[in-house]
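Hi,

Here is the structure I promised to pass on. Have a look at it first, and my notes follow below.

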Amino acid sequence: MTQMETPKVVKKKLFSPIWLLPLVAIILGFWLGIKSIREAGIEVRIHFPSATGIDVGKTLVRYRGLTVGKVVDIGIDDELQGVNVDLKMDYRADPFLNEQTKFWLVTPKASITGVEGLDALFSGNYIAIQPGGGQSQFFFEAETDAPAMLPGSDGLVIELTADTLGSLNVGSQIFYRQIPVGKIISYHLEGSRQILLSAFIKTQYTHLVKTDSQFWNVSGLHINASLSGIEIKAESLSSILAGGLSFSSADGSKRAENGHSYRIYDSQALAQGGIEFTLTATQSNAASTGTAIVFRGINIGRITDTHLTDTGVEFTAKIDKEYAQLLSSTSHFWLEGADISLSGIKHAERLITGSIINFSPGSGEPKQQYPLLEIAPDQDAQSKLLLSLTAENNPGIGIGAEVRYKQLAIGKVNSVHLNQALTGVEYQIEIWPEFTNLVNTNSYFIPESALSIQVSLEGISVKTRDLSTLTKGAISLIQGSSRTVAKNHAQLALFLSTDAADDYFDRLNQFTLSLMSTDGAGLSSGSPVYYQKMQIGQVDKVNWNSTNENFDINISIRDQFKPLVKTNSVFWRNSAITVNASLSGIEIDVAPIQGALKGSITLGLLDDEDIGSQTHLYESKSLALAQAKPIKLTFPADVKLAAKAPIRYLGHKVGAVERVTLNKDLISVSIDAYLYGSYAQHFTQEDAEYFLVDAQISLAGIRAPETLITGPYIGVKPGVSTQMRTQFIGKVTPVIQAKKDWLQFTLEDTNLGSIKVGTPIVFRGIIIGAIDAYQLADTGNSVQMFAHIKGEYRHLVNQTSQFWDLSGIKIDVGFFSGAKIETGSLESILAGGVGVVTERQTMTSNMLTSDASFTLHKKLEAKWLTWAPVQLSQK
Amino acid sequence: MTSPAEPPRKNQGKDLGLTLCPSCQQLMAHKKTHCSRCGSTLAFRDYSSLQKSWALLITAAILLIPANIYPITIFTSQGQTRHDTIFTGITHLIDLDILPIAVILFTASILVPILKIGGLTIYLLAISFRLPISKKSLMVGFHVIEWIGRWSMLDLFVISITAAVVNMGQLLDAKPGPAATAFALVILLTQVAAKVLDTRLLWDRLESKDDTNGNTKSS
């Protein structure tokens, strides 16, 4: 079977689909044409000051790296002030071409901070465009520099202010933890004082900039040389050479807005955030910007600014945030520098780094302003023990001297000054809190001697202390036995030595006596008081007592010797050496050497029944033991009495002159003398008489010849009055010490002739009496001579007696009678004499009365020689 | 089915009722629609090819305009960028006194495409409108166009080589411009236009020059 193929009827196509191709081409062509017309570009004219670096056809206009136009022509402007550059801008640039659009030329710039526009090296300089708003416009004035804001860069533009530009420049980088995060894009002077810099922070880092960020200059190298080494810090090479800024931010703060303003600090230290406040001082001595504020050796802040005020200097200071809570209303700030002393250099590094400001926290709310103190405040005044020490004089303790205990410093001396009465030195010292318990109520202090040399028979010991003791001195605490801790402001003593302290405390166990002495006796405070050559006390003070014109000598005697001071105690002054030479031998008594040097006093005891004076200091042992009683005599100034001259009664020594002083009137001398105790009462009656006994050499002989050797002495005549006294007026002429059995009478003559005191009265050639004294009679017409007849001869003289002058040789030469020479004894020839002859026997009736007076005849009558009554001795 | 009355003295395949498979060149009876060997669609004469050729030719002619207006190369030398159209390129070469290259470039880039398009237009016109052109000159022209057509790719070849080799950024760089694409399309389209044309139509035309060419319709 054959199958018939059905014929395929193919309808002839009128148009092949291939015709779409030319259609497409036409459409494409049209489109291309329209597009090319549309995209033909926009003609823009820009006025540049110079066409340097701009080439026609070569210089492109770029926006964000995209070529948006091209220089098509350059022509000089009409005023010949610049060039007009014609640009053919991409049609897409149309929206950019507005009033505020900016054009500037980018040239390759290789600077330290980086190479900018390096692309321009190959592509040639290009014109950058920064779109702006406003009306559409086709003529522009070119910018001379890239505008502050980087075109098209999203980021943060902030303002920074600084006093000086330093090494910052446009392009200087801004670092955050040493990562460059931005750069300075412009700067200009704001007013005449401040420089305003604009900085750009890249988008990805904008969150790092906070409202309270701190910017500081990291330009160059920071070399921190201290004793701990040299630290060199630099942010980056570019910051060394081209400057740079770094900043830090707190975590929690708000992010900064565009245009936020910051201050540039000189260094990180200054910039670090913190609490700002001011310190005031009168002068900016050691503090300056950058001076650290230190608390317990840790830098907690610094001074960020210094400026003058009317009254002084004001520092702006900052304390780091983490230490901000330390600041309080009672905080103190004070300057502290290096401390150079012989004890060493403290804080030597401050010699180089300068002073620091020390800080002490306090309590309360922080203040805005604090005074900057010159010296450290008394920080822990509360816990310190303040004491005041008194001393008689300053053993070289200066302010700042250490107070030591067991050679360990426990405090220091704060001040040294005289006390108010100017009698001693007062120290204010402080004991550091940890040692306050060492000081108790009877503690005392002694100065440390830097060099103490002790020479004894055992050898020489030399002790030295450290050098600071030598210069500033130091005092040591000697603890007392008391268990009571000393209170604040307690008054304690500073003794010059341990011995002095011992003395002082000894004295507390002493009782005092006051001795009276006519002189200072060479004693001084500290002179020892001995008993049997053992020291039992010492002299405290020697004072002049004006009321009784004596010296008061205060002595103290240790309590244990109190029994020695009783009614029969006496005190005398020791002579350094007493030599007692007699035929029985020589006794030399040497006082203890200390007493010899300083003078000393000895306590002695009299016999038990004797009563001694405990208020008088005797000149010598003998005086004391003799219980000498002082008297005062006044003599004419011409007496030649000297100390030690004896007072004698009938040749017996009953006292001695202690001292002879010429009175101020120059006509008299005062004589201090002693009467030996046992005799004193006999010679201190009101009517007792003292007189000078001096050697009298005459033809009649020498009276009181012993005085030729011993010097004149004082004679005394006891009185009978019951009234006692101690002051006497002395006489120059010896007082007649009439014996009881003496027959006393008066002779009268017109002329004294050769009669002298002592002229003998001769009876038959035997001296029976003498002239005791003579005087001019009150009437002035005769001379009265007082005479006496010794007791055993008194019966030889009565009212019938006749007296004549025997003196000399009587030569009677008569023309007729011849020569007659009549002499008495040789003595009477030399010394004169008074002859006496009695007519009758002495009877009771014709006995002489006490006021009997005779005329002294010139010569013997012949008849008198015949008188020879038998006298009966009355014995 | 039997074919209609056939002219006896015809020596063409169609006269003999035979046709050639365009793919495998098997001689087949033209009544068959598909080649018995390779299964290709058989056509006695492809009259649509004339339309296709025309369309392609017109497209090429249109594209010749942008190919000459737009820059064919973007040449950057030391930051300076030159946008050269074909013509400005040639004038540039002339300016540089490289005349032989300018001649070659002119021939390859301007002369040849225009000649080719012009030549093809003439042929198509000759086929479509039976223009009285001598058979011999048509044959010569056809061979010339065919031979010369391949040289017009020279320009593109140079551009592509240059673009590949000279690539030193801002220092020295050459890139094909938008005209290159158009130019390439012109060349391609003229080639395709020449290729797609069923040349048998031309031969028919040349054959029927002597006698009547009344057989224009066939299935």
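Let me start with chain B, and keep in mind that this is a predicted model. The C-alpha atoms at the two ends of residues 54–78 of chain B are 45 Å apart, and that span is 64% helix and 20% strand. Residues 98–126 of chain B come out as 97% helix and 0% strand, with 40 Å between the end C-alpha atoms. Both spans are in the unreviewed UniProt entry, which lists residues 54–78, 98–126, 147–166 and 178–197 of chain B under "transmembrane region".

Now the cysteines, since you may well ask about them. How many disulfides does the structure hold over all chains? Zero. B:Cys24, for one, is in no disulfide, and its nearest cysteine sulfur, in B:Cys38, sits 3.4 Å away. A disulfide here needs the two sulfur atoms within 2.5 Å, so that pair does not count. Why is B:Cys35 not bonded to B:Cys24? Because the closest cysteine sulfur to that of B:Cys35 is the one in B:Cys24, and at 3.5 Å it is too far for a bond. As for exposure, B:Cys24 is partly exposed at 22% relative accessibility, while B:Cys35 is buried at 5%.

Then there is chain A. It has twelve helices and 63 strands, and 41% of its 875 residues are buried. Of the chain A contacts with a separation of 6 or more, 68% are between residues 24 or more positions apart. The accessible surface of chain A is about 48,300 Å², and carbon and sulfur atoms hold 55% of that.

Cheers

Note on methods. Residues are numbered from 1 along each chain as its sequence is written. Chains are lettered from A and ligands numbered from 1 in the order in which they are written. This is a predicted model: local features need pLDDT of at least 70, side-chain atom pairs count only at pLDDT 80 or more; totals for chains, interfaces and linings use all residues. Side-chain values use heavy atoms; hydrogens and water are left out. Helices (H or I, at least four residues) and strands (E, at least two) are DSSP runs, numbered from the N terminus. Buried means under 20% relative accessible area, exposed over 50%, partly exposed in between (1.4 Å probe, protein chains only). Contact means heavy atoms within 4.5 Å. Accessible areas come from the Shrake-Rupley method with a 1.4 Å probe; for residues, only the protein chains shown count as cover. UniProt positions are given in the numbering used here, feature names are shortened, and annotations may be inferred rather than shown by experiment.
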